[in-house]
Structures are given as structure tokens and as C-alpha cells.
Amino acid sequence: MKLMHVDASAKRERSNSRALSRFFVERLRAGHPDLEVDYLDVSVDTPSHVDEAFAIAIYAAPHERTPAMKARLAASDALCQRVLAADALVFAMPMYNWSMPSAFKTFVDAISRAGVTYKHGDDGRIVGQLAGKKVLFITSRGADLRPGSPYASMDALTPALNAAFGFLGVAAPAFVDAQPLQFANQEARAEALERARDELSAVAASWANSANAASHANNADAAQHEDADSEMTQ
Ligand SMILES: Cc1cc2nc3c(=O)[nH]c(=O)nc-3n(C[C@H](O)[C@H](O)[C@H](O)COP(=O)(O)O)c2cc1C
């Protein structure tokens, strides 16, 4: 399985979302040793902000793009190919001001591309090209936004991620939201991390099982083809 792993916290060693995404990748690798990881830290390798050249170039028909437009889109093209090449995607980020960190938003802007990550079907409908990929969002929050909490209605992160990635074909992403990690006592924070790790272990086990089942099916298929080929050459 090829996994794209993206971190987005401005914090480094002290980041909870980074620690949780590392934990998840380790658990996944433990269950599926063939794991291949393509890592991106958008707080370091931040895609460029949308500017006028980008906004015009993305909607120009590919055959009408000038060399300058193609050059402006090159990094976004490359990022789209990395995303499309992955079987599974894990995105880890803190909640900043109730939504996603701006570095992650630049990533969303870079990979949401007509004709590349979403296409127009013959009936005019949008066909997201990320359909079929496993997707996990790990979010860390200072407050507790679970149902029943006074902050529950402030969650603009979950709907924003669902909308952006749903448009690209991601129908049922998994979410592991670690909360409260800052505006709470030590015990509540420790419990939140424990809960998140338990949920991540369950997602990792489920992804590993289906990746292992898929590679067994592929191996059986390849062996069958080999048998058929050798029968034909006898
Ligand atoms: C700039 C900034 C804005 C934040 N905004 C929110 C917020 O709106 N709601 C919230 O619950 N926590 C907020 N927090 C707290 C972080 O989401 C929380 O500490 C999280 O665990 C950080 O994840 P990290 O350790 O991976 O950086 C904010 C933190 C920062 C630095």
C-alpha cells in the first residue's frame, strides 16, 4: 500500500497532531510491513498561495495554456500526481481558529484541479478522482467540540474537510479528533490522547487488513496468470 502522509502543524517536537500521525503510520506499518510512505510537511513545503496567474491558469483549457501558465501550474501538477499515486492518505492538522491551518488550505487549493483531480462526466456531473482511496483526517483541538460541549457548533474544520475532499470523490473519510488538548486539565488531555490513539489503532488495523487482503488477491491473480502462460507455452 502506498500512503501519502501529510502533517500541517506549525509546531514540531511539541505537536500533538504530528505525534498522533506518527503513531498511526507506525501502527499501520506493524500490520502491513509493505507500506510505502510519501511524506509531506506543508508547514515547511507550503504550496504557494493562489495568485492571479494561478487563478487564471487553472481554468484555461490545457491546450490553450501558455508556457508561463504551465510553469505556474507545475508544482500543483506535481502535487496532484503525488496524491493520485497514493492508495491511502492521512492528513494531520491542528484546528486553528475553528478551521484548518492556512498551510493545509494552500495544499487543498493546489490539489483541487479541474481535469486532474476532478473531471466533468458526460452528463455534466463532477467525477472526483480520489474516489476509492482510503482517507483519514487526524485533527487536534485545544477545546472540546464534541456534541454537548458549548463549543460543538464552532467546528468549521470537519465540514470544510468533508466539502473539499468530498468534491474530489472522497465519500467516507475517517476522522480521529483529539480533544480537548489545551483548554482543559491534565487528566482530560491525557484521556483525549488515549482515546485518539485507541481510535487510530482501530483504523490502522482495518486499513492493514484490507491492504493485506488486496495484496494476497493480487498475488493469487499473478500466480494464476503465470500458470495459464506456462500451460500455453507447453
Ligand atoms: C493559532 C492557533 C489557533 C488555535 N485555534 C483553536 C481553535 O479555534 N479551537 C481550538 O479548539 N483550539 C485552537 N487552538 C489550539 C490547537 O488546536 C491545539 O493546541 C492543538 O492540539 C494543536 O495541535 P498541534 O500540537 O499538532 O500543533 C489554536 C492554536 C493555535 C496556535
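## Exercises: a parallel sheet and a ligand shell

Strand E6 (residues 134-140) pairs with E7 in the parallel sense, and five bridges join them. This model is predicted. Work through the tasks below with the structure open.

**Exercise 1. Find the bridge partner of Phe137 in E7.**

Step 1. Locate E6, residues 134-140. Phe137 belongs to this stretch.
Step 2. Cross to E7. The bridge partner there is Phe175.

**Exercise 2. Describe strand E1: is it mostly covered or mostly open?**

Step 1. E1 spans residues 2-7.
Step 2. Count a residue as buried if 20 or more other C-beta atoms lie within 10 Å of its own.
Step 3. By this test five of the six residues of E1 are buried, and the strand is mostly covered.

**Exercise 3. Which strands pair with E1, and over how many bridges?**

Step 1. Take E2, residues 36-41. It runs parallel to E1, with six bridges between them. One contact to find: Lys2 has Glu36 in E2 as its bridge partner.
Step 2. Trace the connection. The chain leaves E1, passes through H1 and arrives at E2. This β-α-β crossover is right-handed.
Step 3. Turn to E3, residues 88-94. Its pairing with E1 is also parallel, over five bridges. Here Asp7 has Ala92 in E3 as its bridge partner.

**Exercise 4. Give the strand order of the five-stranded sheet, and explain why one side of E2 and of E7 is left without a neighbour.**

Step 1. Read the order across the sheet: E2-E1-E3-E6-E7. The sheet is open and the pairing is parallel.
Step 2. Look at the edges. E2 and E7 (174-178) stand there, each with a single partner strand, so one side of each has no neighbour in the sheet.
Step 3. Add the twist. From one strand to the next it averages 15 degrees.

**Exercise 5. What surrounds the ligand?**

Step 1. The shell holds 17 residues. The closest are Ser17, Pro94, Ser140, Gly142 and Ala143.
Step 2. Sort the shell by class. Six residues are nonpolar, eight are polar and three are charged.
Step 3. Ask which element gives the largest share. Helix H1 (residues 16-31) does, with three residues.

**Exercise 6. Which residues does the UniProt domain feature cover, and how much helix and strand do they hold?**

Step 1. An unreviewed UniProt entry places "domain: Flavodoxin-like fold" at residues 1-201.
Step 2. Over residues 1-201 the chain is 39% helix and 18% strand.
Step 3. Check the two ends. Their C-alpha atoms are 17 Å apart.

Notes
Residues numbered from 1 in each chain as written. Predicted model: local features only at pLDDT ≥ 70, side-chain atom pairs only at ≥ 80, totals over all residues. Near = placed C-beta within 6 Å. Helix = DSSP H or I, 4+ residues; strand = E, 2+ residues; numbered from the N terminus. Nonpolar A, V, L, I, M, F, W, Y, C, P; charged D, E, K, R; others polar. UniProt positions renumbered as here; feature names shortened; annotations may be inferred. Buried ≥ 20, exposed ≤ 12 C-beta atoms within 10 Å, placed from the backbone. Pairing = 2+ DSSP bridges. Right-handed = clockwise from strand over helix to strand, strands pointing away. Axes fitted to C-alpha atoms, helices over the stretch in contact; angles between N-to-C directions.
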